[in-house]
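Hi,

Here is the structure I promised to pass along. Have a look at it first, and my notes on what turned up follow below.

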Amino acid sequence: MRNRRARAGLAVTTAAVLGLAGCDALGGGDGSSSGSQARQARPSPSPTPLWDSSPSSIAAVGDSVTRGFDACAVLQDCPEVSWATGGSAEVNSLAVRLLGASKAATHSWNYAVTGARMADLPGQMARAAARKPQLVTVMAGANDACRDSTAAMTPVADFRAEFEDALGTLRRAVPTAQVYVTSVPNLKRLWAQGRTSALGKQVWKLGICPSMLGDADALDAAATERRDTVQRRVADYNTVLEEVCAKDERCRFDGGAVYDFRFGTDQLSHWDWFHPSTDGQARLAEIAYRKVVAKER
């Protein structure tokens, strides 16, 4: 009798255990399953996009073009008309387009320097990075080609190392900052446009881009080869800018848009017929804005 009761008790206990195990296997209500369902019901947080087309602050680095050189007065900077950060209504700069005029006045900074070469960019970038900008614009390289002679142009390997150094400087300080990089302008096309101006050629003699603009009317074989050499170096620089930028997921190169832009007489300074005029600065701002707000690189 005791054995039958013991066996019966064992059977009941076994059934109970199996029943619990069956509930677990089927996801029955022990609390853990409902917790799992609740977790699945909660939406996952959206990943932060790598590229934000609405940055809240902008810093600019580079050379004379970003400083608005010769756009307002001869041989003078005019940052008010800078394509990147200027406040001029005529230009409608990238900063104004992205931030609005009032915010652009307090949340954009221009660290470009007339005459700067790529070797100067790491220092400029360090000053820009101190502001913790969400977007940094880069326009540099023309002065690396615009030397006293073709032999004095910055070697391509050095240009690459210096640009990588500049981006590394920014990344160490502001890892999530976005970078917009413009191509180096087509210097030979600027020579072809500007050489039609007697005044422009006189200003060129003061030392503006002698490797390309020197002896502006000379068309002999040596002069042609000199200009072609400069042009090839500009193409090499643009390749470097594109390749280095492509390795950084938060960097956008303009795809050669500035190089390809055909600056006409209205877009060139009427003092030196080489740097962008106010209208030319506005065209650069348009190019930059289209690239920054584009959905894809």
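The accessible surface of the protein chain is about 14,500 Å², and carbon and sulfur atoms account for 54% of that. Please keep in mind that this is a predicted model. Of the 297 residues in the chain, 46% are buried. The secondary structure consists of 13 helices and five strands. If you count contacts with a separation of 6 or more, 72% of them join residues 24 or more positions apart.

One spot on the outside may catch your eye: V74, L75, L206 and W271 make a nonpolar surface patch of about 370 Å². Within that group, L206 sits in the loop between α9 (198–204) and α10 (210–213). L206 has a relative accessible area of 62%, so it counts as exposed, the cut-off being over 50%.

Now to the charged pairs. There are nine salt bridges in the whole structure, and I'll walk you through a few.

D217 pairs with R195, with 3.7 Å between the closest N and O atoms. D217 belongs to the loop between α10 and α11, while R195 belongs to the loop between α8 (187–194) and α9, so this salt bridge ties together parts that are 22 residues apart in sequence. Both partners are partly exposed: D217 has a relative accessible area of 45%, and R195 has 25%. The pair also has company, as R195, K201 and D217 are linked in a network of salt bridges.

Next comes helix α11, which covers residues 221–246. Its 26 residues reach 37 Å from the first C-alpha to the last, close to the 38 Å expected at 1.5 Å a residue. At the start of α11, a side-chain oxygen of D220 comes to within 3.0 Å of the backbone nitrogen of A222. R232 and E225 form a salt bridge through their side chains, at 2.9 Å from N to O. R232 is partly exposed at 45% relative accessible area, and E225 is partly exposed at 41%.

Finally, which residue does R283 meet in a salt bridge? The partner is E286, and the closest N and O atoms are 2.8 Å apart. Both residues lie in helix α13 (residues 278–293), three residues apart, or about one turn of the helix. An α-helix has 3.6 residues a turn, so residues three or four places apart point the same way. R283 is partly exposed at 21% relative accessibility, and E286 is also partly exposed, at 26%.

Happy browsing, and all the best!

Key: Residues numbered from 1 in each chain as written. Predicted model: local features only at pLDDT ≥ 70, side-chain atom pairs only at ≥ 80, totals over all residues. Heavy atoms only, no water. Helix = DSSP H or I, 4+ residues; strand = E, 2+ residues; numbered from the N terminus. Expected span 1.5 Å × (residues − 1). Polar contact = N/O pair within 3.5 Å; in protein donor to acceptor, adjacent residues only side chain to side chain. Patch = residues over 30% accessible without salt bridge, like charges linked within 9 Å, V, L, I, M, F, W, Y side chains within 5 Å. Areas by Shrake-Rupley, 256 points an atom, 1.4 Å probe, with all protein chains shown as cover. Salt bridge = Lys/Arg side-chain N within 4 Å of Asp/Glu carboxyl O. Buried < 20%, exposed > 50% of the residue type's maximum accessible area, 1.4 Å probe, protein only. Contact = heavy atoms within 4.5 Å.
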